[in-house]
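Grab a pencil and get ready to poke around a protein. Each exercise comes with a worked solution, so try it yourself before reading on.

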Amino acid sequence: MAKKDVTRLFKQFAPEHYDLSITPDADKMTFAGQVVITGQKVGRPSQRLTFHQKDLKVTVVSVVKHDKKGDQPVEIDRVNTQKSFDEVRLHSKSMLYPGTYTVTLAFSGTITRPMNGLYPCFFKQGTKEKRLLATQFESHHAREVFPCIDEPEAKATFDVTLTTPATDTVISNTPVKKRTIKGKQATTRFETTPLMSVYLLAFVTGDLAHINAKTKHGVEVRTYATPDNVKFTEFALEVAVKCLDFYNDYFGINYPLPKCDLIALPDFAAGAMENWGCITFREHALFVDPKNTSLPVKQYVAMVVAHELAHQWFGNLVTMRWWTDLWLNEGFASWIEYLAVDHIFPDWEMWTQFITDEQQAAFRADALENTHPIEVPVHHPAEIRSIFDAISYHKGSSVIHMLHQYLGADNFRDGLRHYLKQHAYKNTDTIDLWQALEDISKQPVKKFMHDWTSLPGFPLVKVNHNGRKLHISQSRFYANLADQKDDGQLWPVPLNTNLKPALLNASSHVWDESPTKGVLKINQGNTGFYRTIYDDVSLNHLATAVSNGALEPIDRLGVLSDLFEAAKAGYISVKASLDVLSHYAHETNNAVWDVIAGNLGSLRAIMDDEELRDDMKPFVRRLVAAELKRLGWEGPKDEPHFDSLLRPTILGLASVSDEPSVVKACQDRFKAMKKPDDLPADTRGVIYNTVARLGDQATFDKLLKLHNASDSAEERYQLVSALTAFKDPNVIAQALKQIDSKNVRLQDITYWIAYSFMNRHAKVATWQWFTKHWDWLKANMGSDMSFSRLPMYAAGNFNDRDFLKKYKAFFKPRLTPDLERAYKQGLETIEWHAAWKDRDLVAVKNFFRAQLDNS
Ligand code: BES
Ligand code: ZN
């Protein structure tokens with residue numbers, strides 16, 4: 001049955017301006033306020049005005065109609081709060097005709113811990129317990145704070161006034177217009193905002209400090225944090241200024257506000273939120289401590305800042321009409337963050353990392369039968385939770401990457417400029433972007449993009465030589481070949497090589513005479529969103545090219561990951577992919593090593609066979625030997641970025657394969673360490689994980705103490721990864737006990753659960769803990785984005801059909817609409833893992849045994 005769309009209130013009343021005053025009380029955990037909404041009643045005459053609200057107490061102060069005769073008061077005789085619709089309905093005695101109205105409402109509510117609407121953040125300063133208050137309105141939580149039309153299309157201007165303790169720092173979207181102090185209270189009035197959607201409104205109050213800088217165009221940029229931590233925001237501030245300068249130029253429109261604040265919050269549900277001019281972050285996503293931050297986290301900070309700043313234009317200035325187009329907002333920002341960071345840090349090789357972090361992640365999610373097309377109808381904003389996923393973000397950015405390549409950099413940028421200019425301060429649908437790009441580039445963008453966004457999955461392209469003929473075909477790739485159907489899905493596949501025609505538009509195409517000599521590599525640069533498998537002869541040529549260093553890193557990476565994934569699915573034998581892996585003995589590129597490490601990891605995890613683990617060790621030790629020697633534990637000061645990123649990967653592989661020198665070094669360093677910064681930031685994680693994997697109760701105690709004493713989010717996550725990596729069942733039980741204790745913040749629960757499931761010794765105990773604490777999880781993080789991912793975390797590390805039964809029995813009676821897809825993906829993943837193990841365990845063992853015999 002088709003789901004019914006939620007009623008759009010914007011179709012009945014279009015707000016133009018809000019005058020909003022709020023007095024929050026952080027101690028009593030309550031708030032009260034008044035909102036004056038001016039706007040147009042549209043559509044048919046009726047006897048009611050309806051606004052969104054949730055869990056508020058609303059009273060009507062006045063309703064006035066403005067027309068030629070002047071201002072007419074409207075009598076409201078009944079106010080109804082419609083709980084199931086999140087609405088408040090004001091019923092009038094007289095008929096209300098279209099026209100301009102001013103509605104004044106008083107409201108009050110309570111502040112609760114779930115991290116949306118208006119919520120508290122807790123932190124300690126010395127021994128003093130302190131609290132901040134912050135808002136998180138995307139997607140539909142503004143209604144929990146004041147009555148409004150809580151839909152992205154209902155753009156209006158806002159005057160915000162907040163009454164707080166006079167000692168508080170108070171921040172909102174625009175600069176402060178006026179601050180008056182009366183006794184212990186301050187009233188802060190902010191400048192009028194531009195025309196904007198209500199989900200982008202925000203404010204933060206409490207004890208915060210900041211540092212500041214200016215862009216070339218004079219925009220004031222500030223980074224805020226709790227006072228002890230503001231020193232860690234220097235890197236983010238520098239990146240923010242450079243990003244704003246870059247986007248001003250790239251988008252051809254100057255940042256539309258006079259100031260831009262970036263605020264780190266000690267409690268935060270997602271990673272960051274692009275509120276216009278008042279951007280909020282998890283501390284982990286904004287802090288860089290030169291002594292303690294690892295390089296991947298430093299990169300992550302730059303990427304999150306670049307992502308949220310891109311939304312200031314793409315999302316805030318031009319906004320999706322409805323949540324169905326959330327993917328475009330997020331997919332685009334997830335693509336352009338690479339462009340901006342690549343511009344600022346050209347030697348970080350961000351576009352190579354794009355392939356591993358975005359495209360490969362998208363393939364993994366999209367290979368499942370239970371994936372979904374990028375474009376899915378969102379009937380109610382509550383459904384967003386289930387599409388806040390790898391498809392919207394990673395596949396979204398990947399198809400934009402492909403489009404960028406298809407149009408060329410200049411056409412793409414010019415089309416984008418045209419789009420932003422044309423739709424500034426308005427709302428759009430995805431098709432409007434395609435149209436703008438088409439107008440500028442004169443290329444058939446709508447036609448090209450249609451199949452990539454409306455079909456689930458992606459193509460597997462097969463290359464075959466038959467005599468002198470070259471045969472290339474496509475069909476949908478399935479994670480588990482057993483799920484393959486003849487669904488006839490076709491995509492316009494850019495072959496990205498020198499073949500003509502350049503697009504494969506049909507299920508197959510035959511070239512009478514192979515037009516290429518020597519090595520044929522399809523999808524050069526891997527910009528096309530598809531995987532490729534080759535016939536034996538072509539594959540041999542490619543493997544030789546890998547050995548000779550004749551392929552670019554991205555192409556080496558593409559060949560290897562396509563081979564492994566095709567083997568895991570059953571399209572080719574796993575032996576073929578392992579044979580090709582032997583050609584990577586001289587590999588030095590970090591991104592290629594990510595693929596190697598990832599695939600060795602999945603052999604270990606999915607096959608989950610102790611003998612196999614042991615048999616793999618000598619092979620892996622040999623594979624990493626050259627790089628281990630080259631990189632060692634420390635590099636030169638001016639070391640290439642990719643070498644610094646690669647070191648922990650190589651040390652990690654050496655550690656899990658029991659390379660004695662590495663294991664001993666980890667143990668010695670941990671023993672000698674008094675405080676975390678005695679260990680270098682980049683290799684600290686390897687050290688913690690190694691001692692945990694081999695460690696006892698005393699090791700656990702030392703790690704737990706470090707965890708509980710740390711107020712660095714990054715340090716905590718590294719420690720969580722170690723604390724959940726023990727073998728001893730007693731220690732595992734203690735680790736699980738932490739999750740609902742005061743030692744763990746609500747925002748960090750999912751790390752503990754996901755990591756515990758990843759530990760093969762702990763996964764069964766974690767499942768028991770998980771099922772026992774399900775109600776607690778639901779109550780405490782049920783409204784978070786990450787909640788709907790829990791069934792996948794649970795399934796991802798199991799490969800047996802017995803567990804499948806337990807998994808089904810547990811979830812079936814507990815399924816809610818937002819869990820359904822993740823649940824089905826979980827079932828499918830377990831089935832696929834079981835099938836792969838049945839098919840290939842013996843062959844994989846034989847491969848590694850043969851290597852042992854040869855050595
Ligand atoms: N707008 C999102 C956060 C969001 C999405 C909140 C949907 C509520 C509903 C923000 O721009 C975002 O994408 N944040 C990411 C970080 C980003 C660098 C990928 C996040 O929170 O993980
Ligand atoms: Zn985003």
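Below are six short exercises, starting with some ground rules.

**Ground rules**

This is a predicted model, in which local features need pLDDT of at least 70 and side-chain atom pairs count only at pLDDT 80 or more, while totals for chains, interfaces and linings use all residues. Residues are numbered from 1 along each chain as its sequence is written, chains are lettered from A and ligands numbered from 1 in the order in which they are written, and side-chain values use heavy atoms, with hydrogens and water left out.

**Exercise 1. Find which residues are closest to ligand 1, and which polar atoms meet it.**

Step 1: Collect the neighbours, where near means that a residue has a heavy atom within 4 Å of the molecule. You should get 15 residues around ligand 1, with Glu138, Gly271, Glu274, Glu308 and Tyr393 the closest.

Step 2: Look for polar contacts, meaning pairs of N or O atoms within 3.5 Å (within protein, one must be able to donate a hydrogen and the other to accept it, and residues adjacent in sequence count only if both atoms are side-chain atoms). A polar backbone atom of Gly271 sits 2.5 Å from an oxygen atom of ligand 1. Glu274 brings a polar side-chain atom to 2.6 Å from a nitrogen atom of the ligand. Tyr393 also uses a polar side-chain atom, 2.6 Å from an oxygen atom of ligand 1.

Step 3: Check the cover, using accessible areas from the Shrake-Rupley method with a 1.4 Å probe (for residues, only the protein chains shown count as cover). On its own, ligand 1 has 520 Å² of accessible area, and the protein covers 88% of that.

**Exercise 2. Work out which elements give two or more residues to the shell around ligand 1, and how the shell's residues divide.**

Step 1: Number the elements from the N terminus, taking helices (H or I, at least four residues) and strands (E, at least two) as DSSP runs. The elements that qualify are β19 (272–273) and α2 (295–311). Helix α2 gives the most, with four residues.

Step 2: Sort the shell by type. Count Ala, Val, Leu, Ile, Met, Phe, Trp, Tyr, Cys and Pro as nonpolar, Asp, Glu, Lys and Arg as charged, and the others, Gly among them, as polar. The tally is seven nonpolar, four polar and four charged.

**Exercise 3. Which residues are the protein donors of the zinc ion (ligand 2)?**

Step 1: Search for donors, which are N, O and S atoms within 2.8 Å of the metal (3.2 Å for Na, K and Ca); water is not among the atoms, so sites may look incomplete. The hits are His307 (NE2), His311 (NE2) and Glu330 (OE), lying 1.8 to 2.1 Å from the zinc ion.

Step 2: Write out their spacing in sequence, and you get H-x3-H-x18-E. His307 in helix α2 and Glu330 in helix α3 are 23 residues apart, so this pair links distant parts of the chain.

Step 3: Check burial, where buried means under 20% relative accessible area, exposed over 50%, and partly exposed in between (1.4 Å probe, protein chains only). His307 has 7% and is buried; Glu330, at 3%, is buried too.

**Exercise 4. Does the length of helix α3 agree with or differ from its expected span?**

Step 1: Take 1.5 Å times one less than the number of residues. For the 19 residues of α3 (residues 326–344) that gives 27 Å.

Step 2: Compare it with the end C-alpha atoms, which are 27 Å apart, so the two agree.

Step 3: Count the buried residues. They number 17 of the 19, so α3 is largely enclosed by the rest of the structure.

**Exercise 5. Locate the cis peptide bond at Ser139 and the one at Pro501.**

Step 1: Recall that most peptide bonds are trans.

Step 2: Glu138 and Ser139 are joined by a cis bond, with omega about 0 degrees. Ser139 is in the loop between β10 (128–136) and β11 (157–165).

Step 3: From Lys500 to Pro501 the bond is cis, with omega near 0 degrees. Look for Pro501 in the loop between β25 (493–494) and β26 (503–504).

**Exercise 6. Is Asp86 buried or exposed, and what is its phi?**

Step 1: Remember that most residues other than glycine have a negative phi.

Step 2: Asp86, not a glycine, has a positive phi of about 55 degrees. Its loop runs between β6 (76–82) and β7 (87–96).

Step 3: Asp86 has 11% relative accessibility, so it counts as buried.
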